[in-house]
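Visitor: Could you take me through part of this protein, question by question?

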Amino acid sequence: QGQLVESGGGLVQAGGSLTLSCVASGIRFSIATMNWYRQAPGKQRELVAGITSAGSTTYVDSVKGRFTISRDNAKNTVYLQMIRLKPEDTAVYYCNAGFLLFGTARNYWGQGTQVTVSS
């Protein structure tokens, strides 16, 4: 059974930095597209950043230049480095993995980690 476990969230002042980690187990990590989503209170969950198995990355406009997604296939881990954090970055951040296995789409979610940015 696939599992994603996030860590690294916390409370930080505006302008500060955090790095989130997501360790995967029980999934085909090397072929998975790994994503970070976030959900703020009263808002829909949004895709923040994604990285394909080939290393191609994508970011939502609001975090471009401030967030960096990366992966370490040897450690089954995906990271989200966040700098120059803003209060509007406050949300629960979720790790997501998606891949095809024998023609069937598989999708996994972590439990989320809270990021709070104070002004």
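Here follow some questions about a hairpin, a core and one threonine.

Guide: This is a predicted model, in which local features need pLDDT of at least 70, side-chain atom pairs count only at pLDDT 80 or more, and totals for chains, interfaces and linings use all residues. Residues are numbered from 1 along each chain as its sequence is written, and side-chain values use heavy atoms, with hydrogens and water left out.

Visitor: Which side chains of strand 7 are buried?
Guide: Strands are DSSP runs (E, at least two residues) numbered from the N terminus, and buried means under 20% relative accessible area with a 1.4 Å probe, protein chains only. Along strand 7 (residues 67-72) the side chains alternate, with Thr68, Ser70 and Asp72 pointing to one face and not buried, while the buried ones on the other face are Phe67, Ile69 and Arg71.

Visitor: How many bridges join strand 7 to strand 8?
Guide: Two strands pair if DSSP finds at least two bridges between them. Strand 7 and strand 8 form a hairpin with 4 residues between them; they run antiparallel, and the number of bridges joining them is 6.

Visitor: Which element gives the largest share of the largest nonpolar core?
Guide: Such a core is a set of buried Ala, Val, Leu, Ile, Met, Phe, Trp, Tyr and Cys residues joined through side-chain atoms within 4.5 Å. The largest has 31 residues, and Val78, Leu80 and Met82 are among those with the most contacts inside it. The largest share, 6 residues, comes from strand 9.

Visitor: What is the relative accessible area of threonine 77?
Guide: Threonine 77 lies in strand 8, and its side chain reaches the backbone oxygen of lysine 75 at 2.7 Å. Threonine 77 counts as buried because its relative accessible area is 5%.

Note on methods
Buried < 20%, exposed > 50% of the residue type's maximum accessible area, 1.4 Å probe, protein only. Polar contact = N/O pair within 3.5 Å; in protein donor to acceptor, adjacent residues only side chain to side chain.
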